[in-house]
Each structure stands twice: as structure tokens, then as C-alpha cells.
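Student: Could we take a close look at one part of this model together? I'd like to start from a single side chain and work outwards.
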Amino acid sequence: MTDGTVHVRYLVDDVQSALDFYTTHLGFTPDRVFPPAFADVRRGNLRLLLSGPDSSAARPMPDGRRPQPGGWNRIHLLVDDIDAEVTRLRSGGVVFRSEVVTGPGGRQIVLDDPAGNPVELFQPAEA
């Protein structure tokens with residue numbers, strides 16, 4: 001089954017806090033909301049599943065390991081003006097992992113959601 005939507009699951013410590021973060025700061029729209037276990041939000045063709053500690057996605061694996069938030073895999077959001085976005089988000093109290101980095105493809109910065117999951121903002125280089 002395909003519908004043109006990219007689905008990404010993030011484990012979060014607090015579903016309501018994550019829901020507020022993505023809708024307030026990053027332009028996502030809530031879809032299904034079942035706190036404290038689960039919510040999903042959408043932005044364009046991206047569906048982000050926010051799974052809390054009470055969700056089935058957070059259950060221990062057969063070997064005893066527990067899924068947890070954080071790491072470095074991340075969603076990648078395109079922006080038109082990275083400097084303006086960084087200023088706006090910093091004024092809203094958003095925590096960044098890095099400063100803006102410039103490379104051959106453009107400029108990027110990594111920020112954390114409330115559970116410590118990374119989100120990359122990326123401004124493509126001028127063609």
C-alpha cells in the first residue's frame with residue numbers, strides 16, 4: 001500500500017509536549033491524538049508518529065532492550081531562510097545541537113525536540 005506519504009516514528013518522553021512542539025514551532029498539523037500514549041502530526045507528505053512510553057512502539061524487545069528517544073537519525077525539513085528560522089526558534093526557547101553548518105549542498109542546523117530527538121533544518125544552496 002502506498003499513498004505518497006513518508007511515515008517516521010519518533011519515541012518521545014511526553015506525547016503532549018512533543019505534539020505542542022511540532023505544531024507550535026515547526027508547522028505540523030495534528031492528526032490523531034491519544035495522549036499520553038500516541039499522537040501523529042503531518043506536514044506536507046510527512047507523517048510523524050509520536051510514540052510515548054505507554055505506546056506499543058516503546059515495549060521492550062525480546063532481548064530486553066527498550067526503545068528510547070534520541071540518537072542522530074532525524075527528519076530533514078527544508079526552509080527558505082535558515083537564519084530567520086534559527087532566530088525565530090531560539091526566541092521560542094528551542095534547543096539546538098549545533099550551529100549552522102555550510103556545505104556544498106546548502107546550510108543546515110540540528111535542533112532537539114522535547115524528548116531529545118533531532119530535527120534538521122536545511123536551506124538548499126542556490127543553484
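What does R88 count as by its relative accessibility, buried or exposed or something in between?

Tutor: Happy to! This is a predicted model, in which local features need pLDDT of at least 70 and side-chain atom pairs count only at pLDDT 80 or more, while totals for chains, interfaces and linings use all residues. Residues are numbered from 1 along each chain as its sequence is written, and side-chain values use heavy atoms, leaving out hydrogens and water.

R88 counts as partly exposed because its relative accessibility is 36%. On this scale buried means under 20% relative accessible area, exposed means over 50%, and partly exposed lies in between, using a 1.4 Å probe and protein chains only. R88 makes a salt bridge with E85, and their closest N and O atoms are 2.8 Å apart. The term salt bridge stands for a side-chain nitrogen of Lys or Arg within 4 Å of a carboxyl oxygen of Asp or Glu. E85 is also partly exposed, since its relative accessible area is 22%. Both R88 and E85 sit in helix 2, three residues apart, which is about one turn of the helix. Elsewhere, salt bridges with shared partners tie R32, D40 and R47 into one network.

Helix 2 also takes part in a second pair. D83 and R107 have side chains that meet in a salt bridge, at 3.1 Å from N to O. This one links distant parts of the chain, with D83 in helix 2 (residues 82-91) and R107 in strand 8 (residues 106-112), 24 residues apart. Helices and strands here are DSSP runs numbered from the N terminus (helices are H or I over at least four residues, strands are E over at least two). D83 is partly exposed because its relative accessible area is 40%, and R107 is partly exposed too, at 24%.

Now compare the network. The salt bridge between R47 and D40 has its closest N and O atoms 2.5 Å apart, and both of these residues are buried. In total, the structure holds nine salt bridges.

D40 and R47 bring us to a sheet. Four strands make up an open sheet of mixed pairing, in the order 1-4-3-2. Strand 1 (6-11) and strand 2 (29-34) are at the edges with a single partner strand each, so each has one side without a neighbour in the sheet. On average, neighbouring strands of this sheet are turned by 20° against each other, direction ignored; the angles come from lines fitted to C-alpha atoms, taken for helices over the stretch in contact, and run from 0 to 180 degrees between N-to-C directions. Two strands are said to pair if DSSP finds at least two bridges between them.

Within that sheet, strand 3 (residues 38-43) runs antiparallel to strand 2, joined by four bridges. F34 stands opposite F38 of strand 3. The hairpin between strands 2 and 3 passes through three residues. P36 is in that loop, and the peptide bond from P35 to P36 is cis, with omega near 10°.

On the other side of the story, strand 3 and strand 4 (residues 46-51) pair antiparallel over six bridges. The bridge partner of D40 in strand 4 is L49. These two strands form a hairpin with two residues between them, and G44 in the turn has a positive phi of about 60°.

Stepping back to the whole chain, there are two helices and nine strands, following the pattern β-α-β-β-β-β-α-β-β-β-β along the sequence. Its radius of gyration is 15 Å, close to the 14 Å that the globule rule gives for 127 residues, so the chain is as compact as a globular protein of that length. That radius is taken over C-alpha atoms, and the rule is 2.2 Å times the number of residues to the power 0.38. The C-alpha trace spans about 45 × 30 × 30 Å along its principal axes. Of the 127 residues, 38% count as buried.

Finally, an unreviewed UniProt entry lists residues 4-124 as "domain: VOC". Such positions are in the numbering used here, with shortened feature names, and annotations may be inferred rather than shown by experiment. Over residues 4-124 the chain is 17% helix and 39% strand.
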